[in-house]
Amino acid sequence: MLRQICCSGFQPFRQRLLPWLQSTTLSRSRATDRVQPSAIRHVRSWSNIPFITVPLSRTHGKSFAHRSELKHAKRIVVKLGSAVVTRGDECGLALGRLASIVEQVSVLQNQGREMMLVTSGAVAFGKQRLRHEILLSQSVRQALHSGQNQLKEMAIPVLEARACAAAGQSGLMALYEAMFTQYSICAAQILVTNLDFHDEQKRRNLNGTLHELLRMNIVPIVNTNDAVVPPAEPNSDLQGVISVKDNDSLAARLAVEMKTDLLIVLSDVEGLFDSPPGSDDAKLIDIFYPGDQQSVTFGTKSRVGMGGMEAKVKAALWALQGGTSVVIANGTHPKVSGHVITDIVEGKKVGTFFSEVKPAGPTVEQQGEMARSGGRMLATLEPEQRAEIIHHLADLLTDQREEILLANKKDLEEAEGKDQVTGRRLAAPLLKRLSLSTSKLNSLAIGLRQIAASSQDSVGRVLRRTRIAKNLELEQVTVPIGVLLVIFESRPDCLPQVAALAIASGNGLLLKGGKEATHSNRILHLLAQEALSIHGVKEAIQLVNTREEVEDLCRLDKMIDLIIPRGSSQLVRDIQKAAKGIPVMGHSEGICHMYVDSEASVDKVTRLVRDSKCEYPAACNALETLLIHRDLLRTPLFDQIIDMLRVEQVKIHAGPKFASYLTFSPSEVKSLRTEYGDLELCIEVVDSVQEAIDHIHKYGSSHTDVIVTENEKTAEFFLQHVDSACVFWNASTRFSDGYRFGLGAEVGISTSRIHARGPVGLEGLLTTKWLLRGQDHVVSDFSEHGSLKYLHENLPVPQRNTN
């Protein structure tokens with residue numbers, strides 16, 4: 001049986017492998033239509049990795065300057081290191097990992113890209129086969145000599161690498177062929193040595209072969225011919241040409257020879273670190289620039305293979321110089337290996353990206369560090385000094401209004417035109433949010449001065465004092481949260497509000513605004529830093545201007561303590577999904593309800609509905625669903641509501657019960673859980689206040705909900721039983737706002753139940769710490785036989801300054 005498994009030919013091996021492949025994630029519905037390299041196709045259903053429909057043509061010459069440009073890469077080389085291809089015992093292949101890699105390469109190939117693989121693994125595959133062969137031979141000989149079935153412990157000799165490569169190369173290729181066949185993709189094997197690159201004729205032949213394979217939509221699988229390759233010679237690189245000593249240098253040489261756009265080097269580490277991975281303070285380098293080698297300390301090479309990180313960096317820099325972009329990333333981590341290649345091509349922050357273009361300003365990591373240190377300095381200022389900074393910022397908003405409005409006008413003009421990438425115009429509600437005016441700036445300045453007044457005793461305020469024992473006193477005091485990341489869309493007025501709250505609470509701040517408000521955000525940020533500079537804490541607030549994707553920012557869990565999204569419900573949902581290990585404060589939707597009770601005042605209802613829906617329909621606190629008691633149907637009050645909505649040009653969507661009462665109803669609502677953000681409103685009928693509450697709990701978003709009634713008992717029942725952040729009686733939903741609550745401003749409205757809920761102002765940006773002051777106290781003194789006893793006496797807390 002052992003001989004049948006280990007020594008049968010590779011064609012039967014391939015046949016035995018296919019059932020395993022069909023039982024894995026590779027057995028998705030097969031792609032039957034072939035695609036020429038120049039074609040771009042839409043998303044297909046056989047893979048869980050989405051297609052990217054982007055233009056792929058580019059002129060090779062210079063490498064990409066930014067990660068976001070990698071999506072335009074057409075010709076890509078993927079280098080699989082020995083640690084990626086082999087199992088942990090170095091004897092055999094990591095089949096599941098290889099299957100995932102083949103799937104990703106197939107997805108990109110079928111998008112119209114030209115994919116090439118440089119792979120290790122022949123030695124490991126051959127070692128597995130030869131070990132089985134040796135074990136079998138030894139067992140047969142021993143059985144013949146001993147005349148009994150009991151086998152003694154057998155030693156396996158050290159296997160020579162070239163012999164292993166010779167035995168494993170065909171099996172490795174058979175495996176790749178079987179895997180790529182599942183995606184209707186053909187693969188071809190090419191074995192090379194360093195001499196093939198030195199011989200001009202062989203180089204031309206190799207180049208021609210590869211180009212012909214790519215033209216026929218075949219994936220070339222390239223490997224060094226380890227069965228005959230001579231030992232690597234140190235420092236044997238020709239001038240300006242990298243010597244092929246290992247698969248790292250082979251991949252770089254191949255990438256440059258074939259004028260590829262992108263080289264992806266997969267290894268068993270996340271990328272390049274500034275010191276050996278695993279050492280204290282080792283940090284992953286996001287972008288590596290030529291000349292940075294001096295700042296890096298290289299560790300040992302990987303557990304298998306010939307090259308180490310130093311060899312990879314050398315090969316990457318050589319390829320970069322030849323016009324090929326390079327990313328070094330981890331291809332072994334089980335959580336990321338299933339999408340690491342496609343993530344890199346999509347421009348996500350994975351591994352280390354090699355770039356020749358250094359950004360003009362600091363990286364986002366550096367900005368995070370500056371915000372952290374600046375925030376700590378800000379927290380140590382006297383309350384009067386922080387208030388002075390905010391007052392100065394308020395003065396700048398009015399003094400520099402002309403410059404601010406001019407920058408905002410530029411944003412509005414650009415937003416009203418078509419986006420160069422999407423070809424779409426900015427939606428009308430977003431345009432309204434983008435617009436600034438003199439009145440808005442004046443309101444902002446008033447709000448900032450309110451924040452300054454309320455910030456006098458915010459940081460360091462004593463909340464609780466306890467005498468633990470004699471001369472041992474405990475205090476709980478307020479402190480800043482740390483570094484806040486605020487991501488906002490189309491709301492430049494958000495920037496000074498959030499900046500003032502961060503200053504008042506002593507928090508460092510990273511701001512990421514939408515590109516539609518670039519000019520407005522830039523000048524407002526400059527004004528904030530000008531105000532901060534009067535007390536030397538200019539760096540506490542940073543505006544992220546790099547091409548950082550929001551998803552990448554949400555991964556900076558070591559730099560950011562809280563994320564606050566300000567924008568559409570889709571933005572909030574995306575951030576909540578992307579944030580790993582960082583709490584997110586906010587609400588995903590603002591589905592606000594108003595219940596009109598049977599005892600509602602005719603005079604109040606129309607005013608409240610008009611203000612809640614029509615005053616600013618794009619706001620998150622605008623009315624979205626109007627619940628009407630059944631007894632009010634076909635009454636003058638109901639007719640007044642409908643007439644007012646018609647005059648205001650509000651489009652009405654009928655809920656199921658409301659539609660059943662009408663012969664000719666408005667368009668029936670598609671979903672009762674909809675945030676329109678425009679002059680659209682859902683109307684539904686309920687039989688009682690309890691049914692209204694049940695409807696709100698089922699379809700609402702726990703944001704703001706209102707009852708309109710003259711019955712105090714009914715109103716109090718509603719106020720106590722509706723489980724939302726803000727619940728009002730006979731008041732517009734639009735009052736759900738930090739400024740209107742007297743908080744000065746808000747960083748957002750939270751519907752979560754932990755830490756802060758509703759409009760989040762200054763108090764919501766603080767946490768606490770405990771201060772214990774003693775005199776040589778130790779816990780053993782309070783033991784059963786100790787000399788001290790716990791007192792736990794509550795002490796008076798200093799009165800808060802409310803002026």
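Okay, let's start with a word I'll use a lot: "buried" here means under 20% relative accessible area, "exposed" is over 50%, and "partly exposed" sits in between. One caveat up front: this is a predicted model.

So, cysteines. Cys-682 is buried, with a relative accessible area of 1%. Cys-592 is buried too, at 0%. I know what you're all going to ask: how many disulfides are there? The count comes to zero. Why does Cys-592 not have one? Its closest cysteine sulfur belongs to Cys-620, and that sulfur is 6.9 Å away, too far for a bond. For a disulfide, the two sulfurs would have to be within 2.5 Å.

Right, on to charged side chains, where there's a lot to talk about. The count comes to 34 salt bridges. Don't worry, I'll just pick out a few.

Take Lys-348 and Asp-343. These two form a salt bridge, with 3.5 Å between the closest N and O atoms. Buried or exposed, what is Asp-343? Asp-343 counts as buried, at 8% relative accessibility, while Lys-348 counts as partly exposed, at 21%.

Next pair: Glu-589 and Arg-573, whose side chains meet in a salt bridge at 3.6 Å, N to O. Where do they sit? Arg-573 is in helix H20, which covers 569-578, and Glu-589 is in the loop between that helix and strand E15, 592-596, so the bridge ties together parts that are 16 residues apart in sequence. As for accessibility, Glu-589 is at 19%, and that makes it buried. Arg-573 comes out as partly exposed, with 34%.

Third pair, Asp-687 and Lys-657. Their salt bridge is 3.6 Å, N to O. Lys-657 belongs to helix H23, residues 656-660, and Asp-687 lies in the loop that runs between strand E18 (680-686) and helix H24 (689-699), so here the parts being tied together are 30 residues apart in sequence. Both ends have some access: Asp-687 is partly exposed at 31%, and Lys-657 is partly exposed at 27%.

Last thing, and have a look at this one on the structure. Which residues are joined into one network by salt bridges that share partners? They are Arg-465, Arg-467, Glu-473, Glu-475, Arg-773 and Glu-793.

So, to recap: zero disulfides, 34 salt bridges, and one six-name network that goes from Arg-465 through to Glu-793 in my list. That's me done, happy to take questions.

Key
Residues numbered from 1 in each chain as written. Predicted model: local features only at pLDDT ≥ 70, side-chain atom pairs only at ≥ 80, totals over all residues. Heavy atoms only, no water. Buried < 20%, exposed > 50% of the residue type's maximum accessible area, 1.4 Å probe, protein only. Salt bridge = Lys/Arg side-chain N within 4 Å of Asp/Glu carboxyl O. Helix = DSSP H or I, 4+ residues; strand = E, 2+ residues; numbered from the N terminus.
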